[in-house]
Amino acid sequence: MKKLLALLIFVLMLTFLAACGSEDTSSNDGNTNDEDTKENSGEDNGEWTPSESIEIVAPAGAGGGWDTTARMSAQVLTEESMIDQDMGVVNKEGAGGAIGWAYMAEQEGSNHNLFVSSSPILLVPLNGQSEYGHEDFTPIANVIADYGAFAVAKDAKWDNLNELFEDMKEDPQSVTIVGTSAPGSMDHIQFVRFAKAAGVDITKIKYVSAPDAGGVTQVLNGSADVFSTGVAEVAEQVRADKLKVLAVTSEERLDGEVLSTFPTAKEQGIDETFVNWRGFFGPKDMDPAAVKYYENKYKELSDSEAFADVRSNYGWNEMYMGSEEYKQFLDEEKENLQSILEELGLLK
Amino acid sequence: MGAIEGILTGFEVAFSWEGILFVLLGVFVGTFIGMLPGLGPISAIAIMIPITYGMDPTLALVMMAGVYYGAVFGGSTSSILLNAPGISGTVASSFDGYPMAQQGKAGKALAIAAISSFAGGTISVVLLMIFAPMLASVAISFGPPAYFALMLLGLTAIASLSEGSTIKALISAVVGFMVATIGIDPQTGTGRFTFGSMNLLDGIDFLVIALGLFAIAEVCYLVMNRHKSSAGSGKEIGSLKLSKEDAKEMSGPVGRQSLLGFILGILPGAGATIASFISYIAEKRIAKKPEEFGKGSVKGLAAPEASNNAATSGAFVPLLSLGIPGSGTTAVMLGAFLVLGLQPGPMLMGDHPEVFWGIIASMYIGNIFLLVLNLPLIPYIARILTIPRPLLISLVLMFSLIGVYAISFSVFDLYLLLAFGVIGFLMRMFAFPAPPFILAFILGGMMEQSLRQSMTISNGSISIMFENNISLVLIILSVLSFAFPIAKSIWSKKKAS
């Protein structure tokens, strides 16, 4: 009897495990045989519709920006019946995205595999940490934009970006910049871009990387001077009167009660912008008809009211680009980043 | 609205029938996920986020918080019974919990863990409720030099974590340090010791090492010694009842380590894992019979269990009052807040007192539920040990593999797990203690980063370590902690001669 009970508990544990696992793997299973179905993917008049469930890879863990973008867009696309097939999100986490991209590179030619990405797909290969870059995939559509912000403690001596950069021109070593990610990645590069535009010697900028939300902490306790991060990360601290934002990286002021008070760098005379775009890609050699299909669906998604709600919930901005425009944008962006990394000696 | 009114609103939310239902649901899922090696609260909460979309935010968050502390509560079960930690915060619980279970006292060990967890959880909620608004400043008072000094203090205890050869303990720790440096270095963005492998760029996950060095190594050991009938046969489960002596022995460590765990939990980045280790070490340092630690000491189990649960509540201080997530799990929680249309931060308490205080108040109920849920189940869960050895060994192996695979769905991690299992087994054969390895690994990464951050900030001047009061005090404590055992042994030698 007692043994039976023990067995029962184990069976329960196993069922539970299986239930947990299926959440992430079931979507995977449906997709292993893309090769078989390739032939029936096109219809005669050049129209293409998906013939099986679609897998969307988030090249990061659950809960992050890529994961939520993938999940929320899949949810809206299926719930609003824009796409009739199932859309399963699979997390391929690791190496700043490189694990997921390597997986996607194996899906060459598939029309039912998509993935979400943002600036790291340009920066990580430039840093020498991924074999694959955006050139190895098919850009489908960009949907979202985030902007960066440079924040300092409330009682800091600088009231605008120019005052900060004046000090940095005199002695770049006197100011510590803190960001969440490593040098050569987004938080660092966005600051460097503006500093360069203002004429600061960017090779001497002092940058500290502080994971686990250490950036806010370090600026609040005075260990570091400037926090280079996303706008959403500092808005609440500004509302609570703990930090002040010297500049945001967008072209124009952002919408929102607090956000609209943040000055752009442009209006302070520094002609530079930085956008953390986020969009969807397919594998290499995706059928142009399929690209067209997804491009239209993401346009529909971007224009929908349901997705507008999602955007406002997460504090994302709308930024749609179709496949062609997207590709061109990425090429230009990469060239720009490459020259900065070269100057910093971080190019690998 | 004043704080008292806020607290009352919180209790109103927590004691409504929906409140109670969602707390129960949260802690139930949490405790279950905690028990399964590898599956942690991060993935559970992330999976819940889309489900809670559109739900009442307070109830959703009350439930997710329940999953979080429920997992830490339940995580000790597999540490104790199988030497396979359920989540990283309960690795230290296996140091004494597993030996105790092997001595035929599994029931008692689980009861001690449950009661210490309950006490740690409850004490810290009281602290959270009274001091949360004030403690916000503590969370941000630690700069890089202070973190470095804190990790240094933790490391001075390496020698005390080992039985026998200090040299072997130090070798073990150095290897742990070395393993901690694998992966992309955040300060330069360069991969270190990755041998060109993409799989190593993120470094090695703590649970892979913990499950390898403990669970897999134990499996190897049991297989090699299968003919020795006595070695870890653990057929007895023993009584759940704690004697008066046990209760007395527990009370000290539980009280002290709840407080310490709570404070460490408040510090972003430190969290339950580091808190449980430091509490274990601290309790061993002040124990009258430190030689009992590692062999099934009541104190050695009660201390990390009280501490990791207290640290979990502590982690809510920076999250709720500053909007700063100090760990992976709280970062996902922050995401959940945003989805539900709330922004945690300094304004939360004023803008949404029902959320702020509701979550805190629900933790009282959650902890009671956890105790009520766990205690009666102990005899049944502990019966896992009565399963025939070959079956049990296969189950541990299977759960460890599933657990590691669930972290990142990477096959490479499975090979790593097996490799660490072999390393752990060899270490055991040659009497190299595993805990210093683990300790150096978890403290080492953070210690190196905070040292390098400090050096960048100070333009390379070491004086930054002594300019800040917190780091100065911690460094003095480290020196004392290091010198004290040496002085003690010299003194006792003198006395003997």
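**Group meeting: chains A and B of a predicted model**

Chain A has 12 helices and 10 strands. Before going on, note that this is a predicted model. Of the 348 residues in chain A, 50% count as buried. Among contacts in chain A with a separation of 6 or more, 76% are between residues 24 or more positions apart.

Now the domains. Chain A is split into domain 1, which covers 54–146 + 276–344, and domain 2, which covers 147–275. The centres of these two domains, taken over C-alpha atoms, are 26 Å apart. Where they meet, 14 residues of domain 1 of chain A are in contact with 15 residues of domain 2 of chain A. Which elements give two or more residues to the domain 1 side of that contact? In chain A they are helix H5 (120–126), strand E4 (137–153), strand E9 (275–283) and helix H12 (323–344). H12(A) gives the most, with 5 residues. By class, this side of domain 1 has 8 nonpolar, 4 polar and 2 charged residues.

Next, the contact between the chains. Chain A puts 54 residues into it and chain B puts in 52. On the chain A side, the elements that supply at least two residues each include helix H1 (2–29), helix H3 (65–79) and helix H4 (98–105). Strand E6 (206–209), helix H8 (214–220), helix H9 (231–239) and helix H11 (305–314) of chain A also supply at least two each. H1(A) has the largest share of the chain A side, at 10 residues. The residues on that side divide into 24 nonpolar, 20 polar and 10 charged.

On to the core. In soluble globular proteins, nonpolar side chains tend to be buried together. Here the largest nonpolar core holds 272 residues. Which of its members touch the most other members? They are A:Ile56, A:Val245 and B:Ile45. The largest share of the core, 21 residues, comes from helix H5 of chain B, residues 93–139. Domain 1 and domain 2 of chain A both give residues to this core, so the core lies between them.

Take A:Val245 from that list. Leaving out residues up to four places away in sequence, A:Val245 touches A:Ala149, A:Phe150, A:Ala151, A:Val234, A:Val238 and A:Phe262. A second valine to compare is A:Val200, which is 45 residues from A:Val245 in sequence and 19 Å from it in space, C-alpha to C-alpha. A:Val200 is in the loop between helix H7 (186–198) and E6 of chain A. Is A:Val200 buried or exposed? It counts as buried, because it has 22 C-beta neighbours inside 10 Å and the cut-off is 20 or more. With the same sequence neighbours left out, A:Val200 touches A:Phe165, A:Met168, A:Lys169, A:Pro172, A:Ala195 and A:Ile205.

Chain B has a buried leucine to look at, B:Leu207, in helix H8 of chain B, residues 206–224. B:Leu207 is buried because 26 other C-beta atoms lie within 10 Å. B:Leu207 and B:Val317 are 110 residues apart in sequence, and their C-alpha atoms are 26 Å apart in space.

Now a helix pair in chain B. Two packed helices are described by the angle between their axes and the distance between the axes. The pair is helix H9 (residues 244–266) and helix H10 (residues 271–286) of chain B, with axes that come within 9 Å and cross at roughly 145°. The crossing of H9(B) past H10(B) is right-handed. Residues of H9(B) in the contact are B:Pro253, B:Gln257, B:Leu260, B:Gly261, B:Leu264 and B:Gly265. Across from them, H10(B) has B:Gly271, B:Ala272, B:Ile274, B:Ala275, B:Ile278, B:Ser279, B:Ala282 and B:Glu283. By class, the contact has 8 nonpolar, 5 polar and 1 charged.

Last, backbone angles. Most residues other than glycine have a negative phi. A:Ser81 has a positive phi, near 55°, and is not a glycine. A:Ser81 is in the loop between H3 and strand E2 (87–91) of chain A. A:Ser81 is exposed, because only 12 or fewer neighbours are allowed for that class and it has 7 other C-beta atoms within 10 Å. B:Ala431 is also not a glycine and has a positive phi of about 60°. B:Ala431 is in the loop between helix H18 (411–429) and helix H19 (435–457) of chain B. With 11 other C-beta atoms within 10 Å, B:Ala431 is exposed.

Note on methods
Residues numbered from 1 in each chain as written. Chains lettered and ligands numbered in written order. Predicted model: local features only at pLDDT ≥ 70, side-chain atom pairs only at ≥ 80, totals over all residues. Domains from an automatic or database assignment. Contact = placed C-beta atoms within 7 Å. Helix = DSSP H or I, 4+ residues; strand = E, 2+ residues; numbered from the N terminus. Nonpolar A, V, L, I, M, F, W, Y, C, P; charged D, E, K, R; others polar. Core = buried A, V, L, I, M, F, W, Y, C linked by C-beta atoms within 7 Å. Axes fitted to C-alpha atoms, helices over the stretch in contact; angles between N-to-C directions. Left-handed = near helix turned anticlockwise from the far one by under 90°.
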